[in-house]
Every structure is written in C-alpha cells, then in structure tokens.
Protein chains: 2
Amino acid sequence: MGLLSPKKFAIIGASNKKGKVGHVIFKNLKHMAYPVNPNHKTILGEKSYKSVVELRGKVSHAVICVPAKIVPQIIRECGQAEVKYAIVISAGFSESGNEKLNNELKKAIKESGVKVLGPNVLGIIKPGHYNASFYSNKLKSGSISFISQSGALGVGILDKLISEETGLRYFISVGNCIDITISDVLEELINDEKTKAVIIYIESLKKGKKFLEICKMAKKPIIVLKGGATKEGAKAAKTHTSSLAGDDRIYSSAFKQAGVKRVYDISTLINSALLLEKGFKGKALIITNAGGPGILMTDALASRGIELAELPKRVIKKLDQILPKSWSKNNPIDIIGDADAKRYGAVLNAIEKEKFYDYVIVILTPQAMTQPYLTAQKIMKFKRPVIPCFIGGDSIKKAVNYMKKKLIVFNDIASLAEALRK
Amino acid sequence: MGLLSPKKFAIIGASNKKGKVGHVIFKNLKHMAYPVNPNHKTILGEKSYKSVVELRGKVSHAVICVPAKIVPQIIRECGQAEVKYAIVISAGFSESGNEKLNNELKKAIKESGVKVLGPNVLGIIKPGHYNASFYSNKLKSGSISFISQSGALGVGILDKLISEETGLRYFISVGNCIDITISDVLEELINDEKTKAVIIYIESLKKGKKFLEICKMAKKPIIVLKGGATKEGAKAAKTHTSSLAGDDRIYSSAFKQAGVKRVYDISTLINSALLLEKGFKGKALIITNAGGPGILMTDALASRGIELAELPKRVIKKLDQILPKSWSKNNPIDIIGDADAKRYGAVLNAIEKEKFYDYVIVILTPQAMTQPYLTAQKIMKFKRPVIPCFIGGDSIKKAVNYMKKKLIVFNDIASLAEALRK
C-alpha cells in the first residue's frame with residue numbers, strides 16, 4: 001500500500017461551509033472519507049469526528065486542511081491514529097517565510113512516523129476513482145500521470161486537459177516536499193502499470209540523485225518542465241520556493257543522461273506526453289495538400305532530430321497511378337492543392353500496409369477544392385499511427401473537433417514538431 | 001500608381017459558372033471590374049467583353065484566370081489594352097515542370113511591357129477596399145500587410161486571422177515571381193503609410209540583394225517565415241518550387257544584418273506582427289497569481305533576449321501597502337494564489353503611471369479565489385501596453401474572448417515569449 005493506493009481517508013478540517021477548502025474536499029471525496037471537525041456534529045449529513053484518533057484502524061490516509069499553526073499537532077494525532085499518509089493542503093510554512101513552524105512540522109513528522117505530502121498542495125486525484133483535492137472539475141481517466149510542484153500551474157494544466165478532453169491516470173500536487181519528494185512519487189508511478197507516461201513540473205529538486213536513478217530505470221517516457229532555466233528565472237524561483245534552483249546546466253545534462261525529455265512550455269509538456277503515450281516514434285511520413293507547410297514541417301522535424309522516411313521506388317510507382325503528374329515524388333508527399341477527400345483517402349490506403357515509415361502526419365490547408373470534414377473521415381479510418389495538422393480557422397473546426405475524439409490534432413507546425421522532439 | 005493602387009480591373013476568364021475561379025473572382029471584385037469572356041454575353045448581369053483590348057484606357061489592372069496555355073497571348077492583349085499590371089491566377093508553368101510555356105510567358109511579358117504578378121497566385125486583397133482574389137471569406141481591415149509565396153499557406157493564415165478577428169492592410173500572393181518579385185511588393189508596402197508591419201512567407205528569394213536593401217531602409221518591422229531551413233526542408237522546397245532554396249545560413253545572417261526578424265512557425269509569424277505593430281518593446285513587467293508560470297515566463301523572456309524591468313524600491317514600498325506580506329517583492333510580481341480581481345486591479349493602478357517598465361504581462365491561472373472575467377475588466381481598463389496570458393480551459397474562455405476585442409491574448413508562455421523575441 002502506498003501513497004496512491006488509499007483505503008479510506010480522514011478529512012481533517014472538513015466543513016459544512018460552502019467555499020471552504022474543507023467543504024470542497026469532503027464533497028469531492030465523500031464516498032471514501034470520514035469528516036473530522038470538533039466544531040460540527042455532522043458534515044454533509046455524515047457524522048463528524050472530534051479527532052482523527054477516533055478513526056484509528058479505519059483510515060490509511062488523512063487530508064489536512066486546518067490552519068497552519070495546528071498542523072504539527074494534527075500530524076501527531078495522525079500518528080496515534082496509525083494514519084500512514086497525510087496530505088497537507090494547509091499553506092503558511094517555509095513558502096511564507098515561517099521557518100519556525102516548518103521546523104515544528106518536520107519534528108512532528110519524524111516523531112509520528114506519518115509520511116507527509118506537502119504542505120501547500122492541491123491534493124491527489126485519480127480520475128474515475130477518487131479526488132483527494134480541492135479541484136472540483138471533472139477529469140477523464142487516462143494513461144498519463146502528472147506530478148506538479150506548483151498547485152496553480154497544476155490547475156491551469158488540469159483545466160486545459162479537460163477542455164481538450166484529455167484524461168489522466170494520476171494527478172499529484174507535491175507542494176513544498178517537506179517529506180515525500182518528487183522522486184518518491186515518481187517511484188510509485190513507474191511501478192504503476194496503467195501509467196504509460198509521466199509529466200512533471202519541477203521548481204527545485206531534492207534527492208536529485210535518486211530522481212535520476214528512477215528515471216534511468218523507468219521503462220516509460222518521463223517529460224519534465226522545469227522553471228529557472230535562466231539566471232533571471234532562477235532568481236524568480238528563489239523568491240517563490242525559497243530554495244535555490246541550482247545551476248541549470250547541471251539539470252539539463254542530468255536529464256539528458258537519465259533519458260528524460262526536457263520541455264520549456266506547458267503545451268509541449270502536455271502534447272509530448274500524449275504523443276509518446278500513443279507510441280509516436282521512428283520515421284515520419286508527411287502527406288500535404290500544400291507545398292509550403294510541407295517544407296516547414298520538414299524543417300521543423302529535421303531540426304529536432306526526427307527522421308523522415310524515404311519513399312521506396314515501388315511506392316512512388318504506386319502513387320504515380322493515383323496522384324496528379326505534378327505530385328512531389330518525395331516525402332513530403334505533396335498531393336497538390338486541388339486534393340479532395342478521395343485523393344487523401346487513396347494515398348492513405350496505398351501506404352497503409354507499408355513498412356518504410358512509422359507514423360504519418362497529414363497536413364491540410366483549406367483551399368478551394370479541400371473537403372476538411374470528409375478528409376477527417378478518411379484519416380479516422382486509417383489504421384496506422386497518424387497525426388493530423390489542419391491549418392486554418394472556422395472552415396476546419398468541425399473536422400478538428402471530430403478527429404479529437406480519437407486523435408491528437410495540431411493546428412500549427414512548430415508545436416507538433418516540438419512535441420515529437422526527442 | 002502601383003500594383004496595390006488599381007483604378008479598375010479587367011477579369012479575363014470571368015465566368016457565370018458557380019465554383020469556377022473566374023466566377024468567384026468577379027463576384028469578389030464586381031464593384032470595380034469589367035468581365036472579359038468571349039463565350040458569355042453577360043456575367044452576373046454585367047456586359048461581358050470579348051477581349052481586354054476593348055477596355056483600352058478603362059482598366060489599370062487585369063486578373064487572368066484562363067487556361068495556362070493561352071496566358072502568354074492574353075498578356076500580349078493586355079499590352080495592347082495598356083494594362084499596367086496583370087495578376088495571373090492560372091497555374092501550370094514552371095511549378096508543374098512546363099518550362100516551355102514558362103519561357104513563352106517570359107517573352108510575352110518582356111514584349112508587352114505589362115508587369116506580371118504570379119503566375120499561380122491567389123490574388124491581392126485590400127480588406128474593406130477590394131478583393132482581387134478567389135479567397136471569399138471576409139477579412140477585417142488592419143495595419144499589417146502579408147506577402148505569401150504559397151497560396152495554400154496564405155489561405156491557412158487568412159482563415160486563422162479571421163477566426164482570431166485580426167485584420168490586414170494588404171494580402172498579396174506572389175506565386176512563382178516570374179516578373180514582380182517579393183522585393184518589388186515589399187517596396188510598395190514600406191512606402192504605404194498605413195502598413196505598420198509586414199509579414200512574409202518566403203520559399204526562395206530572387207533579387208536577394210534588393211530585398212535586403214529594402215529591409216534596411218524600412219522604418220517598420222519586417223518578419224519572415226522561410227521554408228528550407230534544414231537540408232531536408234531545402235530538398236522538399238526544391239521539389240515544390242523547382243528553385244534552389246540556397247544555403248540557409250546565408251539567409252539567416254542576411255536577415256539579421258537587415259534587421260529582419262526570422263520566425264519558424266505560422267503562429268509566431270502572426271503573433272510577432274501583432275505585438276510589434278502595437279509597439280511592444282523594451283522592458284517587461286510580469287504580474288502573476290502563480291509563482292511557477294511567473295518563473296517560466298521569466299525564463300522564456302530572458303532566454304530570448306527580452307529585458308525584465310527592475311522594481312524600484314519606491315514601487316516595492318507602494319505594493320507592500322496593497323499586497324499580502326508574502327508577495328514576491330520582485331519582478332515577476334507574484335500577487336499570490338488567492339488574488340481576486342480587486343488585487344489585480346490595485347497593482348495595475350499602482351504601476352499605471354510608473355516609467356520603470358515599458359509593458360506589462362498579466363498571468364492568470366484559475367485558482368479557488370480567481371475571478372477571470374472581473375480581472376479581464378481590470379486589464380481592459382489599464383492604459384499602458386499590456387499582454388494577458390491566461391492559462392486554463394473553460395473557466396477562462398469568457399474572459400479571453402472579451403479581452404480579444406482589444407488585446408492580443410495568449411494562453412501559453414512560450415508562444416508569447418517567442419512572439420516578443422527580438
């Protein structure tokens with residue numbers, strides 16, 4: 001049993017008052033939690049316990065959302081109640097300059113034997129199973145797990161994922177990492193079979209060596225977004241987490257050695273995970289109805305170390321039969337501006353069983369003869385890995401929304417290439 | 001009188017048949033054009049002329065959309081009709097491997113004295129004034145002009161601009177550049193007072209020296225997206241335009257010398273122009289309700305050579321009065337996760353008349369106490385240059401759409417920083 005496999009929770013600081021964090025969390029987690037609050041008799045219709053100690057043997061995890069100054073005392077009570085893991089939502093420790101309280105909390109952790117996530121966290125979410133956080137929007141279940149050292153950035157990303165209908169396996173906000181570190185959480189995730197890729201937002205890394213060892217062992221993609229890459233950013237990070245971000249070059253080379261992909265913005269963090277999870281690697285084949293975007297995509301991929309498949313002569317001959325004379329005879333396969341959905345479909349059919357490439361990027365720009373929605377239908381039927389890149393506005397929206405049900409769709413060249421970057 | 005200041009057009013190849021290019025163009029341009037087609041008596045209710053020669057003295061420009069093989073003959077007729085400029089929409093010349101026809105066209109151009117844009121173009125659009133193209137969606141008028149060597153990419157970008165409610169001063173599709181080059185068009189644009197910035201998609205540059213000279217003279221931002229930056233991309237470009245893309249490093253250093261900003265993707269091309277046009281330059285000040293995105297933004301700006309403003313002590317003291325104790329006391333101004341719209345407004349008020357920065361980036365991530373729409377109202381009232389960067393999903397949509405009426409809004413850190421890059 002670990003941090004991510006709770007039996008039952010105690011919500012210490014649960015509340016009847018709407019808008020209170022303790023109210024939101026208990027509402028999110030009611031089906032597997034007991035409320036603890038000496039000032040309430042019942043909370044949302046459930047009996048409220050005076051102290052977590054009354055729940056000894058009944059709960060494996062506690063979520064703590066009480067004023068910072070009583071958190072050390074609550075941790076000791078958790079110890080008495082044989083709670084294994086406490087998730088401390090409360091803020092007001094070293095991140096607010098309160099080192100004294102921070103030290104008290106450290107002492108309580110050591111003496112109680114309780115393992116503590118946080119303080120200053122959003123919580124843990126396992127979509128479709130439990131939501132031990134004060135984030136209320138509904139996430140879909142997926143196969144990527146996400147560790148975030150910033151609660152706020154976490155919320156921004158979760159909101160984005162929801163609006164893009166992308167699921168998560170786990171979301172874990174780690175906060176100040178007073179006890180449980182990013183490495184500890186990552187270790188659980190690389191042992192979780194259903195986590196196919198891990199994305200991490202890091203501000204500063206404790207136990208860096210352990211982190212890199214785990215990354216090296218991991219048989220799944222790990223993608224890291226780390227603040228403080230410039231001296232200006234490092235200065236800002238110091239103000240924020242009161243911990244030195246360290247020399248960024250050391251991080252960069254360590255990430256490289258450990259096979260971790262480092263990215264520099266939020267969209268790429270999400271898109272990289274999505275593409276890696278779905279197994280986009282190897283040689284790319286580009287199909288396009290416009291020469292320019294084909295060239296730009298070629299540049300964007302090649303400059304990021306992605307190999308482009310070479311068309312075998314046999315395939316060129318096959319395509320000569322179905323394409324206009326002036327087609328490119330090359331990768332990118334430029335099927336010419338007047339391509340309708342049928343022509344896109346014919347090319348996809350012709351190459352479907354070929355082995356000379358690993359995945360296809362289909363570029364579409366809306367021209368006079370273009371049929372975005374019908375072309376999308378052809379792409380959805382294609383049985384090999386495919387990434388659509390439709391460049392345009394309203395005329396492609398319906399097609400894009402339709403493909404998003406199954407595929408990762410891009411509307412820009414650079415963002416696609418950056419997400420594929422090795 | 002130049003290419004971009006037509007008096008009247010002849011549409012040679014105008015048609016009554018819906019779906020035909022000659023129909024679409026005449027419909028788009030009817031208010032300032034005569035239709036020419038010997039096979040029709042009237043087109044859309046207007047008298048159709050048998051030959052452009054009948055229109056001698058009446059038209060300054062011709063748009064030609066007849067089969068490629070008769071284009072040279074039509075150009076000679078344009079010469080007889082004293083047409084100054086012909087826009088050749090027709091394709092099927094060197095881009096399709098038809099060098100013979102291409103040479104015939106060259107000869108006709110030389111002998112007729114007509115200046116020719118194209119062949120193989122989408123046309124010219126001056127939103128709010130005239131649309132000499134077969135692109136039918138309605139563009140708003142703006143202050144950026146856009147030259148595109150690829151019609152298809154042009155369409156993709158125009159569609160994007162429309163869906164983002166962004167206007168253009170001119171759109172010019174230059175196609176194969178058999179006669180009028182990118183440099184010629186650029187020269188007209190830098191002399192056009194209402195063009196505040198020029199964006200250009202280039203595949204290969206003829207008269208490169210002239211191009212760079214014009215760029216050096218220009219007193220407005222010029223931003224270039226050029227395909228063929230890698231050897232793979234250059235190979236693809238060769239297939240596409242049958243012209244060598246040239247050693248890319250030569251282009252890069254030449255662009256740099258000439259003060260041209262080179263970008264690598266479509267979004268950045270558009271966003272750079274928008275930001276430059278609105279005068280975003282100098283020192284940036286960041287306001288954020290989340291430390292992490294503040295750090296990432298600092299990294300993203302600093303790594304692209306953008307200077308961050310330093311907070312004067314006086315300003316720190318002022319902000320101490322209105323912000324919680326734990327605020328960052330630094331740029332980025334981290335106003336802490338529980339910031340409501342009032343707090344954002346108070347900071348914007350406090351700095352509105354300060355001179356230590358040139359523009360403000362306001363970051364918002366939707367947290368428990370965040371008020372995206374009310375915060376957007378505060379931002380819209382701010383009288384200095386400001387770029388909102390709202391990171392999230394559905395909860396920020398209303399605020400983002402509202403701000404888009406006046407501001408350039410981003411939802412990601414890297415794309416904003418890349419658009420500002422010097």
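These legends walk you through several close-up views of a predicted model.

**Figure 1. Chain A as a whole, before we zoom in.**
Start with the parts list: chain A has 15 helices and 18 strands. Its C-alpha trace spans about 80 × 50 × 35 Å along the principal axes. Of the 422 residues in chain A, 61% count as buried. Now look at who touches whom: among contacts in chain A between residues at least 6 apart in sequence, 71% join residues at least 24 apart.

**Figure 2. Strand 10 of chain A and its partner, strand 11.**
Strand 10 of chain A covers residues 141–148. How many of its 8 residues are buried? The count is 6, so you can call this strand mostly covered (buried here means under 20% relative accessible area). Strand 10 of chain A runs parallel to strand 11 of chain A (residues 168–173), and 5 bridges join the two. To find your place in the pair, look for Ser145(A), which stands opposite Tyr170(A) in strand 11 of chain A.

**Figure 3. An open sheet in chain B, with a helix packed on it.**
Four strands of chain B make up this open sheet, in the order 16-15-17-18, and the pairing is parallel. Strand 16 (333–334) and strand 18 (386–390) of chain B stand at the edges with a single partner strand each, so one side of each has no neighbour in the sheet. Strand 17 of chain B (residues 359–364) pairs with strand 18 of chain B over 5 bridges, in the parallel sense. Helix 13 of chain B (residues 372–381) packs on the sheet, where it touches strand 17 and strand 18 of chain B. The direction of helix 13 makes about 170° with that of strand 18 of chain B.

**Figure 4. Helix 11 of chain A and its two sides.**
Helix 11 of chain A takes in residues 313–322, and its buried residues include Val315(A), Ile316(A) and Leu319(A). Why do they sit on the same side of the helix? They cover an arc of only 100° around the axis, and that puts them on the same side of helix 11 of chain A. Turned away from that buried side is a face carrying the exposed residues Lys313(A), Lys317(A) and Gln321(A). Strand 16 (333–334) and helix 12 (341–351) of chain A are among the elements that cover the buried residues.

**Figure 5. Helix 10 meets helix 15 in chain B.**
Here helix 10 (residues 291–302) and helix 15 (residues 413–420) of chain B have axes that come within 9 Å and cross at roughly 30°. That makes helix 10 of chain B roughly parallel to helix 15 of chain B. The crossing of these two helices of chain B is right-handed. Helix 10 of chain B brings Pro293(B), Leu296(B), Met297(B), Ala300(B) and Leu301(B) to the meeting, and helix 15 of chain B brings Ile413(B), Leu416(B), Ala417(B) and Leu420(B).

**Figure 6. A close look at Thr365(A).**
You'll find Thr365(A) in the loop between strand 17 (359–364) and helix 13 (372–381) of chain A. Is Thr365(A) buried or exposed? Thr365(A) is buried, and its relative accessible area is 0%. If you leave aside neighbours within four places in sequence, Thr365(A) is in contact with Asn289(A), Ala290(A), Pro293(A), Thr370(A) and Ile391(A), and also with Ala152(B) from chain B.

Note on methods:
Residues are numbered from 1 along each chain as its sequence is written. Chains are lettered from A and ligands numbered from 1 in the order in which they are written. This is a predicted model: local features need pLDDT of at least 70, side-chain atom pairs count only at pLDDT 80 or more; totals for chains, interfaces and linings use all residues. Side-chain values use heavy atoms; hydrogens and water are left out. Two strands pair if DSSP finds at least two bridges between them. Contact means heavy atoms within 4.5 Å. Axes are lines fitted to C-alpha atoms, for helices over the stretch in contact, and angles run from 0 to 180 degrees between N-to-C directions. Buried means under 20% relative accessible area, exposed over 50%, partly exposed in between (1.4 Å probe, protein chains only). The arc is that of the directions from the helix axis to the C-beta atoms. Angles under 35 degrees count as roughly parallel, over 145 as roughly antiparallel, 65 to 115 as roughly perpendicular and the rest as oblique. A crossing is left-handed if the near helix is turned anticlockwise from the far one by less than a right angle, and right-handed if clockwise.
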